[in-house]
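The following paragraphs guide a new reader through one structure, beginning with a single residue and moving outward to its surroundings.

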Amino acid sequence: MGASVIFETALLLRAVSPKEVFLYVDKGWIDSPNDAVWETLEEYTIVYDGTVHTVPEGFITDLASIPRFMWRMYPPSFPYSREASVVHDYIYRLDYENYSKKYADDLLRDVMIHQGASDFTAKSFHKAVSWFGKGGWKR
């Protein structure tokens, strides 16, 4: 922890319509047609511990994959996880050959803390993805 985080660009998202969601479920990008789904409107770049991560325009994400029963406390668009979740999803889905799962999970936690999440919340998200996150490593 204590990693450096620099936001090179602002994160701009649009909500994907329910009709479009089924397309992304079929592609395996989203787990459930009930998920809230977002699309990046522009390229999004952060620098994490000196490494540049760029998420392309048009990337589809469900932000934080939080079980529905926890949405009252942590909705998928929880403000302290939004930026971290987009980059984390990108590494999990498309950039996993270049980074370890541990790296992606640590990035999620560290960016959340940088954004203002409490240590408890960031570490809880980190534990959840460490235990249950699959990503490309488990295909």
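**From one buried residue to the core**

In this predicted model, T121 has a relative accessible area of 8%, and because this is under 20% it is classed as buried. The residue belongs to helix α4. Apart from residues up to four places away in sequence, T121 touches Y74, F78 and M112.

Of these partners, M112 leads further into the structure. When its neighbours within four places in sequence are set aside, M112 is in contact with F78, Y80, S81, A84, A117, T121, A122 and F125. M112 also has a place in the largest nonpolar core, which comprises 30 residues; Y48, M112 and F125 are the members that touch the most others. At least two residues of this core come from each of β4 (44-48), α2 (82-93), α3 (101-115) and α4 (119-132). As a general tendency, nonpolar side chains in soluble globular proteins are buried together.

Helix α3 deserves attention in its own right. Its 15 residues reach 21 Å from the first C-alpha to the last, close to the 21 Å expected at 1.5 Å a residue. Of those 15 residues, 11 are buried, so α3 is largely enclosed by the rest of the structure. Among the buried residues are K101, D105, D106, R109 and D110, together with Y103, L107, L108, V111 and M112. The elements that cover the buried residues of α3 include β1 (5-7), β4, β5 (51-55), α2 and α4. Just after the helix, G116 adopts a positive phi of about 115 degrees.

Methods. Residues numbered from 1 in each chain as written. Predicted model: local features only at pLDDT ≥ 70, side-chain atom pairs only at ≥ 80, totals over all residues. Heavy atoms only, no water. Core = buried A, V, L, I, M, F, W, Y, C linked by side-chain atoms within 4.5 Å. Buried < 20%, exposed > 50% of the residue type's maximum accessible area, 1.4 Å probe, protein only. Helix = DSSP H or I, 4+ residues; strand = E, 2+ residues; numbered from the N terminus. Contact = heavy atoms within 4.5 Å. Expected span 1.5 Å × (residues − 1).
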